[in-house]
Structures are given as structure tokens and as C-alpha cells.
Amino acid sequence: MSHATTTPAAGGPAPGATPRLSSARLPRWTPWVVALGSVAAGCAAGLAAGLSSKVQWGLIAGLLFVVANFALTARVQGRRQARDRLATSLVWASFVLALIPLLSLLWVTVERGLKVLDGYFLSHSMGVIADAETGGGIYHAIVGTLEQVGLATLMAVPIGLLTAVYLVEYGTGKLAKAVTFFVDVMTGIPSIVAGLFIFSFWIMILGFQPSGFAGALALAILMMPVVVRSTEEMLKLVPNELREASLALGVPKWRTILKVVLPTSVGGITTGVMLAVARVAGETAPVLLLVWGNPLINMNPFEQGQSSLPLYVYQQYAAGQSASIDRAWAAALVLIAFVMVLNLAARGVARWKAPKTGR
Amino acid sequence: MAKRIDVSGLTAYYGTHKAIEDISMTVEPRSVTAFIGPSGCGKSTYLRTLNRMHEVTPGGRVEGKVMLDDEDLYGSSVDPVAVRRTIGMVFQRPNPFPTMSIYDNVAAGLRLNGKTKKADLSDVVEKSLRGANLWNEVKDRLNKPGSGLSGGQQQRLCIARAIAVEPQVLLMDEPCSALDPISTLAIEDLIGELKERFTIVIVTHNMQQAARVSDRTAFFNLEGVGRPGKLVEMDETERIFSNPSVQDTEDYISGRFG
């Protein structure tokens with residue numbers, strides 16, 4: 001942006017046919033002023049018309065913002081810039097629109113969750129505390145979530161990784177196509193169906209008891225396609241030249257994959273795995289079916305019921321007492337924090353392992 | 001150390017498409033052989049058949065014989081991995097491993113093949129980097145990533161990586177086409193030094209480069225779009241550039257082609 005092109009807006013429309021490179025431009029702070037003005041106008045219009053819903057105020061403000069931006073730019077700078085500004089304001093408006101539910105969800109969860117969230121809550125189980133009583137904690141649910149998700153990860157990640165390596169590095173022809181197709185189908189499996197499958201296979205046919213491990217099996221089914229897809233995309237991003245460079249050095253293919261292809265894409269693969277973990281950490285349905293829940297601490301995922309954070313939230317909320325609903329919010333907050341920490345960790349690993357450039 | 005390559009009746013395919021047809025030639029040891037010809041005439045494909053890199057491409061298939069001294073590279077008991085250890089390759093675009101440091105890039109060939117003794121590795125790395133005229137520029141930053149080097153340095157790093165495994169033959173596929181004249185000069189000088197120890201085959205689009213660095217030159221051409229590329233003639237470089245025996249060669253070299 002050179003100084004020659006930022007003449008003040010007062011100049012009016014640009015001189016018509018003269019082939020000059022500079023023309024009237026709005027100052028750079030214009031969109032902000034327009035945004036503030038539209039919010040004010042939206043509130044005023046809402047008050048004046050007696051609209052009770054703040055959503056309507058916001059919609060009016062957003063609409064005003066887009067229209068005013070367009071009209072102002074069209075008046076001062078011309079049609080092309082106006083269309084550019086229109087697209088930009090639509091993008092911004094959508095961004096704000098997408099952000100509102102996220103922030104409001106986070107706000108409500110933090111506000112209501114902090115009420116009972118403390119060290120005691122994190123380090124104690126529910127024990128024999130009744131729904132209506134205060135006290136109790138989520139230690140047993142945290143243990144359950146960690147063990148179930150951990151076991152699911154241990155099962156799903158190796159299988160998913162190897163499948164992706166097969167698809168990208170070895171698979172050709174019908175088998176690879178079929179595998180890709182079924183992985184896509186698996187991505188769309190509702191979690192309750194995965195739960196029912198394990199229920200009928202593991203518990204009804206093989207006759208095992210409900211346990212954390214049974215839940216982990218269902219979670220693994222849900223994780224696997226996500227791991228396969230994300231790993232596949234990451235492996236495809238590795239330039240073929242690197243594989244050829246390695247092969248041309250007389251390195252066998254398996255070593256090339258292990259030492260060149262996977263390290264180059266490890267950042268992206270880690271991110272994919274973490275996203276898959278985050279996805280299954282919030283699953284309730286298969287846990288409800290297969291793990292059953294347990295108000296006591298059960299460290300052994302292979303025997304008897306366990307709890308897990310989403311299941312705990314569901315059960316406490318379903319109990320309907322004010323004390324139990326407080327506990328549900330606090331547990332939800334812990335679950336969100338857990339997933340967020342995982343995502344941050346994934347980003348950290350991705351940045352740390354990313355191919356380095358600098359000198 | 002350096003070995004002779006004897007090719008007879010070599011035809012290469014991509015799936016059903018015949019890329020090059022019936023090529024026979026001899027590449028002398030301890031010399032530089034240049035391949036020239038228009039784009040798409042199969043020079044690179046042919047080069048890649050010489051160390052069995054062609055079959056890495058899906059659908060890649062080869063007929064004919066490539067003898068390295070007295071062994072047929074395409075014999076049924078020959079391991080392509082062993083072939084590639086004997087015949088190294090440098091590619092058009094510099095492609096150092098992005099996750100590895102300069103040191104690790106040079107050591108990659110040895111390390112990935114299971115040699116991991118530290119003292120030996122350091123010796124080989126230094127020797128190879130010196131061999132590629134890169135040692136003085138990088139000796140203080142061996143642990144920095146290889147992708148931080150300039151294009152010319154990266155290409156010399158790739159050459160160092162290729163000669164670190166002590167191949168008999170070094171194939172170079174347009175090694176200077178992505179480089180500026182100064183880096184090109186550095187690599188051409190390097191080729192002159194390397195031919196004391198290796199048999200070198202270089203594909204180039206730069207006629208002057210072929211004239212400068214090579215002892216023998218092979219001219220490839222194709223009769224038309226979709227037709228396989230063929231070897232038109234091969235001779236001493238001086239003769240190819242002064243008095244070629246085929247008219248097409250003269251037209252191509254003097255720029256009157258097409």
C-alpha cells in the first residue's frame with residue numbers, strides 16, 4: 001500500500017476516462033467504523049421496534065454491515081472494489097457467525113462448570129453419593145476415559161497407519177479401491193452402530209462381560225477410518241522425488257518408507273491421530289452400551305463396568321437434580337479442556353517435527 | 001571402481017506406451033557421456049532404465065539387456081536395490097531429505113543401508129562433501145537442515161549424497177537445469193573431477209554443457225508425437241558437434257530443428 005494510493009475518501013468518484021493509476025480510496029479504518037455503526041444501528045433498530053431477541057439485533061447489524069460496506073465502496077471507489085468489499089464483508093460476517101456459537105458454548109460451560117470444579121472434584125469418585133447430594137467427583141470417569149481412549153488408540157493407530165501405507169505405497173488395482181471405499185463407508189458409521197456391532201459380537205456371541213475394553217473396541221472402529229484418511233492424505237503430500245532419491249541410493253522400499261516417507265509426514269500424521277482421539281473421547285453411545293458406567297473407581301478396563309467423561313455427563317444430567325447438573329457441567333468442562341490440550345499437543349508435535357527450513 | 005555399461009536392444013514402456021525403442025550403446029568407464037535431444041524423446045527414461053529406476057514408475061517395464069561389465073542388470077537373480085547401490089543417480093531438481101541435517105543427508109545412503117559406525121560415517125561425510133566441492137561452505141553448519149542451502153549447494157549436497165555410497169556409475173538427469181550459471185559452473189567442474197573415479201552419464205538440454213563436459217555424446221530423437229524415442233547416433237563429442245554423420249543431429253545442434 002503506497003502512500004500515493006491512499007488519498008482520502010472525500011474526493012468523490014474517480015475521474016472517469018483519464019487513465020490514471022490512482023483513484024479515490026476509502027481509508028483503511030472504514031470497515032471498522034462501518035462495523036461499529038452497523039452494530040449501533042442494529043441495536044437501535046431492535047430497541048425501537050421492540051424486538052426481544054438479540055439474535056434479530058445481530059442479524060440486522062450484520063445485514064447493515066454488508067450492505068453499507070457495499071454501498072459506500074460502490075459510491076467512492078467503483079464497482080469492482082465494491083464487489084471485492086462485498087465478498088470480504090460476507091467472509092467476515094460468516095466468520096463472526098461461526099464464532100458466536102463456539103464462544104457462547106465455551107462461555108456457558110466455563111461459567112457453569114467452574115462452580116464445582118476443584119481438586120476434590122478431580123480426585124474423587126462418585127462413590128455412594130446420591131444424585132441430589134452435593135460432593136462427589138469425576139476421578140473414576142477420567143480414569144475410564146483415559147484407559148478406554150488409550151486402548152482404542154493402541155488398537156486403531158497401528159492398523160490405520162499400516163492401511164494408509166498400504167494404500168499409498170503399495171496398493172494398486174481393485175483391492176486398494178475396495179479398501180478406500182470401505183474406509184469411506186466406515187467414516188460414516190454412527191457411533192451407536194459401532195457400539196451395537198461390538199455388543200452383538202463381543203458380548204452376545206463371544207460371551208464377554210461389558211468392560212472398558214469392549215468400549216475401546218467400538219471406539220477403535222470409530223477411530224480407524226479417521227486415522228487412515230488423514231494419514232493417507234499426509235503420505236500423498238510427500239513428494240515422489242524424495243522416494244526416488246532414497247531408492248536411487250540403493251535403499252530398500254520398506255526402509256525408504258520407514259526412514260524417509262514417514263518422518264517427512266510425521267507432523268501431519270500426529271495431527272490426524274490427535275483429531276481422531278479427540279473425536280472418540282467425546283463418544284457416549286458405545287460407552288453407554290458396552291461399558292455401562294460405574295460410580296466407583298475401576299482401574300481395570302478388562303473387568304466390570306467403568307465410567308467415562310461423556311457417559312458421566314449424560315448420567316448426571318439425566319438425573320435431573322441441581323447438584324448433579326452442576327457436576328455434569330464441570331465434567332463437560334474437563335472433557336473440553338482434555339480435548340483442547342490434546343489438540344494443542346498435536347499442534348506442538350506437528351510444528352516440532354515439521355520439515356525444517358531456516359538456515 | 002568404474003565400470004563399463006553395454007546396452008543392447010533396450011525398449012522401455014509406460015504401461016502400453018512405448019517410450020524408447022531398441023537402443024544399443026556402450027558407455028566407457030571413467031568418462032563422461034552426454035545424452036542430448038528434444039524434450040520427450042526418452043533421454044530421462046533411458047537414463048532411468050540404467051539403474052532400474054524406470055520400474056519404480058507404475059507401469060514401467062523394460063525389454064532388452066543392460067550389461068554392467070559382465071552382469072545383466074535385468075537378469076532374474078539381480079536385486080534392483082543392489083543395482084541402485086552400484087549405479088547412483090542425481091536428479092533434475094535438488095531433493096535433499098527435508099527432515100535431515102546436511103550431515104544426515106550425506107550419511108543417509110550409508111545409514112539407511114545399515115552402516116552406522118560413527119567415526120566411519122564422519123570420514124565418509126567429509127570425503128563426500130569435499131568430493132562435491134561443498135565442504136568449505138557447510139563444514140560449520142553440518143547439523144543445520146539441508147533445505148536451508150541455496151539451490152546450487154543443494155544440488156551439490158545431492159551429488160555428495162550420491163557419491164557417499166561409492167557407486168561405480170553416476171547418472172545425472174539434467175543436474176544443472178534448475179541452477180544459475182555460477183552453480184552450473186561449479187557442478188561442471190565437479191563432473192570433470194568425478195570422472196577420474198566414476199563413469200558418468202549426464203542428460204542435458206544445454207548443448208554447450210554437453211560440449212564442455214562430455215567425452216562422448218549420444219543424440220536421441222523421436223519421429224513424431226506418440227512415437228517411441230530412438231538413439232540417432234553416438235560418437236566422440238567433438239565429432240558430434242563438428243561433423244555429425246546424421247543430418248538430424250546437425251539440424252538439432254545448429255538450432256535448425258523442427
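Tutor: Lys and Arg count as positive and Asp and Glu as negative, while His and the chain ends are left out of the count. With that convention, we may read the charges of chain B in this predicted model.

Student: How far apart are the mean positions of the positive and negative charges of chain B?

Tutor: The separation is 6 Å, taken between the mean position of 31 positive charges and that of 34 negative charges.

Student: Which secondary structure elements does chain B contain, and how many of each?

Tutor: Chain B has ten helices and ten strands. Its radius of gyration is 18 Å, close to the 18 Å that the globule rule gives for 258 residues, so chain B is as compact as a globular protein of that length. Along the principal axes, a box of roughly 55 × 45 × 30 Å holds the C-alpha atoms.

Student: What share of the residues of chain B is buried?

Tutor: Of the 258 residues, 54% count as buried. As for the surface, chain B exposes about 10900 Å², and carbon and sulfur atoms supply 46% of that area.

Student: How should one read the contacts in chain B between residues at least 6 apart in sequence?

Tutor: One asks what fraction of them joins residues at least 24 apart; in chain B the figure is 67%.

Student: Let us turn to a single strand. Are the faces of strand 7 of chain B covered or uncovered?

Tutor: The general idea is that side chains in a regular strand alternate between the two faces of the sheet. In strand 7 of chain B, which spans residues 169-173, five of five residues are buried. On one side lie B:V169, B:L171 and B:D173, and on the other B:L170 and B:M172, so that both faces are covered.

Student: Which strands pair with strand 7 of chain B?

Tutor: Strand 6, residues 87-90, runs parallel to strand 7 and is joined to it by four bridges. Within this pairing, B:V90 has B:M172 as its bridge partner. Strand 8, residues 199-203, also pairs with strand 7 in the parallel sense, over five bridges. Here B:D173 is partnered by B:V203.

Student: B:D173 is buried. Is B:D70 buried or exposed?

Tutor: The cut-off for exposed is over 50% relative accessible area. B:D70 has a relative accessibility of 68% and therefore counts as exposed.

Student: Where in chain B is B:D70 found?

Tutor: B:D70 is in the loop between strand 4 (60-68) and strand 5 (71-72). Its C-alpha atom is separated by 20 Å from that of B:R197, a residue 127 positions away along the chain.

Terms used:
Residues numbered from 1 in each chain as written. Chains lettered and ligands numbered in written order. Predicted model: local features only at pLDDT ≥ 70, side-chain atom pairs only at ≥ 80, totals over all residues. Heavy atoms only, no water. Helix = DSSP H or I, 4+ residues; strand = E, 2+ residues; numbered from the N terminus. Rg over C-alpha atoms; globule rule 2.2 N^0.38 Å. Buried < 20%, exposed > 50% of the residue type's maximum accessible area, 1.4 Å probe, protein only. Contact = heavy atoms within 4.5 Å. Areas by Shrake-Rupley, 256 points an atom, 1.4 Å probe, with all protein chains shown as cover. Charge placed at Lys NZ, Arg CZ, Asp CG, Glu CD. Pairing = 2+ DSSP bridges.
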